[in-house]
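Opening my notebook on a new protein today. I want to see what sits inside and which rings pair up.

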Amino acid sequence: MKAPRIYIVVPCYNEEQVLPETAKRLHGLMQRLIQSGQAAADSRITLVDDGSGDQTWAVIQDLTRRYGEVEGLKLAHNAGHQNALWAGMMTVKDRADAVITIDADLQDDVEAIPQFLQAYREGCQVVYGVRSQRKTDTAFKRNTAHWYYALMGRLGAQLVYDHADYRLLGRQALEALSQFGESNLFLRGMVPLLGFPHKEVYYQRGERFAGESKYPLKKMLAFAMEGITSFSVKPIRLVLLLGILFAVAGLVMALWVIIRHAAGHTVAGWASIMVSVWVIGGVQLMALGLIGEYVGKIYTEVKHRPRYILETYLDKPAGASGGGRGQGIDRQTQQTNNEEKA
């Protein structure tokens, strides 16, 4: 079997501290893969700058000059982690036989990639990198993550437990994924919908090499809500069920009041009334917020705005061995916009 052309896509947001080490490790791995015949000589590492506010892009430019297989992709603004992943994958999908996505923080073990390629050679179009344990997480994060996976399963989403965005997608899977037209991306839920042969590769997740986490609690909660509202309408049905239950409870209370009044035991129920008002008012506001979340997604989708704007692409054509700037800025930006409108 001919060695596949591999592209490793790395989304980067304010990662100037860790990128030199990330590129060094991926470069060393890529050289070993090429020398052992597991990857084609024109395989590439694509670093995607997601509108960083630090010197990430300057570091990427330097890395493209230092390492022959490193490319740089710069988005015009911060589009978010999922959109940065999408930008990298869709930019290189026509060149790659397979694309591997991995975060820049080096928490995911790059040495698991040869196992990804072995599964790919065995016929898997999708390979999931799955954490074998979560010892580096706090008890709160570990438990809430598992509760979330269980909740998503009950809502109908086919998530892979303890899998984030460390995965391999073959060209056939990439082509199928490119047909998904939604603006609200939740790749962890979208990829399992493809239905191609897949395999899970287990690895130990380490600590962040340098810098700070880009997913504090607020962003994790927002990401969790994105997944729930992108893949299920059951929360809306739950609101309907709550409405029915409260309506039934109201009828029961009304019957109870009538009976008490007929028996001559009318008592001023200020406390019960206030509790009822607060509880029902809170549920109503929660329901309105949930409905608003779905309406907001519809609003975003119908505008058909591009998921990202590509500013610069420092590409390395087949056979290139070092630094040169690609011709990608105008061509790739126009191509991206046309893809998003299609």
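My entries below go from the whole chain down to single side chains.

**Entry 1: the overall look.** I noted first that this is a predicted model. I checked the confidence: the mean pLDDT is 80, and 73% of the residues reach 70 or more. I then found a weak patch, since over residues 319-342 the pLDDT is below 50. That stretch still has 44 contacts in the model beyond near neighbours in sequence, but I'm reading them with the low score in mind.

**Entry 2: the parts list.** I counted up 11 helices and eight strands. Of the 342 residues, 44% are buried. I also looked up the surface: about 17600 Å² is exposed, and carbon and sulfur atoms supply 60% of it. Among contacts with a separation of 6 or more, 81% join residues 24 or more positions apart.

**Entry 3: the core.** Which residues have the most contacts inside the largest nonpolar core? I got Ile8, Val10, Leu47 and Ile100, in a core of 39 residues. Elements giving two or more residues to this core include strand S1 (6-12), strand S4 (98-101) and helix H4 (113-121). H1 gives the most, with six residues. I zoomed in on Ile100: its contacts include Ile6, Ile8, Phe116, Leu117 and Tyr166, leaving out residues up to four places away in sequence. There is also a second, separate core of 33 residues, with Ala79, Val126, Tyr128 and Tyr313 among them.

**Entry 4: the rings.** How many aromatic pairs does a search of the whole structure find? It finds two. In one, Phe116 and Tyr166 have ring centres 4.8 Å apart and planes at 40°, so I logged the pair as tilted. Phe116 is in helix H4 and Tyr166 in strand S6, so this pair ties together parts 50 residues apart in sequence. Are these two buried or exposed? Phe116 is buried, at 0% relative accessible area, and Tyr166 is buried too, at 1%.

**Entry 5: the other pair.** Why is the pair of Tyr166 and Tyr203 called edge-to-face? Their planes are at 85°, and over 60 counts as edge-to-face; the ring centres are 5.2 Å apart. Here Tyr166 in strand S6 meets Tyr203 in strand S7, 37 residues along the chain. Both of these tyrosines are buried. Putting the pairs together, I wrote down one aromatic cluster: Phe116, Tyr166 and Tyr203.

**Entry 6: one last ring.** I also checked Trp86 and found Arg307 lying over its face, 4.3 Å from the ring centre.

Notes
Residues numbered from 1 in each chain as written. Heavy atoms only, no water. Core = buried A, V, L, I, M, F, W, Y, C linked by side-chain atoms within 4.5 Å. Buried < 20%, exposed > 50% of the residue type's maximum accessible area, 1.4 Å probe, protein only. Helix = DSSP H or I, 4+ residues; strand = E, 2+ residues; numbered from the N terminus. Contact = heavy atoms within 4.5 Å. pLDDT = per-residue confidence, 0-100. Areas by Shrake-Rupley, 256 points an atom, 1.4 Å probe, with all protein chains shown as cover. Phe/Tyr/Trp six-rings, centres within 6.5 Å; stacked < 30°, edge-to-face > 60°. Lys NZ or Arg CZ within 6 Å of the ring centre and 35° of its normal.
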